[in-house]
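Subject: The structure I promised you

Hi,

Here is the structure we talked about. Have it open while you read, and follow along residue by residue.

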Amino acid sequence: MEHMTEPKISIIMSAYNEETTIHYAIESIQAQTFSCWELIVVDDGSIDETRSIIKSYADSDSRIKLIENVSNIGLPLSLNKAIKHSKANLIARADADDINIINRLEVQYSYMIKNQDVDVLGTGAWLLGKDGKRIDKPVLLEDFKRGNRVSVTKAFFFHPSVMIRKSFFKKVGVYDGIYLLAEDLELWIRGSNMGCIYKNIALPLIEYRTDGYVKSWKSIFIRTKTLAKIVKKHNVINGYLSVLTLLLHSALIKLKLYTPRSIRKHT
């Protein structure tokens, strides 16, 4: 498949051992109603068949580029590699285990063209349970006013839904590799402090896997440590209390002593 036109959107994705889901993610991008894009996929040192699967798509679709990491360096640094190689002025995030609704890029591109002041645009999402079925459609804040209190408990965006102007990264900087499992939150806070404009479209334009919200103990403690670093760096009001609350919440889910509302609604 040949596409000679310069891309209007660069989609960035990092993948690590995602052989069971990455074909769904890539094919949901290929199926988009908006076709003038490039997809830059960084294989982050996978030890399963992820790399060969990406390569098979890249070999048959010139819009797809594969970057191979020799070893696993983590999501933030892998995304920075993809940003460095991107050609378009609009950069869209996508995850290797999520699905993009067919008109996602078209809707976001149109919005960003009409609203040149917006730096980052997120969308709503369908949450998927362990069985891959839709369980909820949460609502995020659509309009961010300057002065909105920064929080580590309320998400700015669904990270894999965002479309970002390249000028945002030039102004704010790229992902910081020391904030593992919350690199996006730290970036959004940094941009907010610099007066960047954020918006969310309420329409769910991705399907976001939750895996029942169950995380490994290792990931729970890494994220807790990272959030504490963010609270300290950005002087988040009541931040440490929020971090402890999130730690307790994650532990109760892990121990099966608490079931998130979206899952209760589905069962």
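A word you will need straight away: a residue is called exposed when its relative accessible area is over 50%, buried when that area is under 20%, and partly exposed in between. So K256, at 77% relative accessibility, counts as exposed. Please keep in mind that this is a predicted model.

**Positive phi angles**

Stay with K256 for a moment. You'll find K256 in the loop between α8 and α9, where α9 covers residues 261-266. Its phi is near 60°, which is a positive value in a residue other than glycine. That deserves a look, because most residues other than glycine have a negative phi.

L181 is another one to click on: its phi is positive too, about 70°, and L181 is not a glycine. L181 sits in the loop between α5 and α6. Is L181 buried, exposed or partly exposed? With a relative accessibility of 41%, L181 falls in the partly exposed class, since that class lies between the 20% and 50% cut-offs.

**Helix α6**

Just after that loop comes α6, residues 183-193. How many of the residues of α6 are buried? The count is 9 of 11, so this helix is mostly covered. The buried ones are E183, D184, L185, E186, L187, W188, I189, R190 and G191. What do they pack against? Their partners are α3, β6, β8 (163-165), α5, β9 (198-209) and α7. After α6 comes G195, and its phi is positive as well, near 85°.

One of those partners, α5, spans residues 166-172 and contains S167. S167 comes out as partly exposed, with 41% relative accessibility. If you want a feel for distances, try S167 and K81: they are 86 residues apart along the chain, and their C-alpha atoms are separated by 16 Å.

**G124 in strand β6**

Another partner of α6 is β6. This strand runs over residues 120-128 and includes G124. G124 is buried, because its relative accessible area is 6% and the cut-off is 20%. Which residues does G124 contact, if you skip its neighbours within four places in sequence? They are F158, I201, A202, L203, P204, L205 and I206. For contrast, pick E19: G124 and E19 are 105 residues apart in sequence, and the distance between their C-alpha atoms is 26 Å.

**Two buried polar side chains**

Next, go to N69, in the loop between β3 (64-68) and α3 (75-85). N69 has 2% relative accessibility, so it counts as buried. Its side chain makes a polar contact of 3.1 Å with the side chain of S78, and another of 2.7 Å with the side chain of K81. Leaving out residues up to four places away in sequence, N69 touches V42, D43, D44, G45, R51, S78 and K81.

Then try S10, in strand β1 (residues 9-15). S10 is at 0% relative accessibility and therefore counts as buried. Its side chain reaches two backbone nitrogens: that of K87 at 3.2 Å and that of A88 at 3.0 Å. Beyond its sequence neighbours up to four places away, S10 touches E38, S86, K87, A88, L90, I91 and A92.

**Helices α7 and α8**

How are two packed helices described? By the angle between their axes and the distance between the axes. For α7 (residues 217-234) and α8 (residues 239-254), the angle is about 170° and the axes are 9 Å apart. Why does that make α7 roughly antiparallel to α8? Because angles over 145 degrees count as roughly antiparallel. On the α7 side the contact is made by W217, I220, F221, T224, L227, A228, V231 and K232. On the α8 side you'll see G239, Y240, V243, L246, L247, S250, A251 and K254. Sorted by type, the residues of this contact are 11 nonpolar, 3 polar and 2 charged.

**Cysteines**

Last, the cysteines. How many disulfides are there? The count is 0, where a disulfide would need two cysteine sulfur atoms within 2.5 Å. C36 is buried, at 18% relative accessible area, and so is C196, at 9%.

Have fun clicking around!

Definitions and conventions. Residues numbered from 1 in each chain as written. Predicted model: local features only at pLDDT ≥ 70, side-chain atom pairs only at ≥ 80, totals over all residues. Heavy atoms only, no water. Buried < 20%, exposed > 50% of the residue type's maximum accessible area, 1.4 Å probe, protein only. Helix = DSSP H or I, 4+ residues; strand = E, 2+ residues; numbered from the N terminus. Contact = heavy atoms within 4.5 Å. Axes fitted to C-alpha atoms, helices over the stretch in contact; angles between N-to-C directions. Nonpolar A, V, L, I, M, F, W, Y, C, P; charged D, E, K, R; others polar. Polar contact = N/O pair within 3.5 Å; in protein donor to acceptor, adjacent residues only side chain to side chain.
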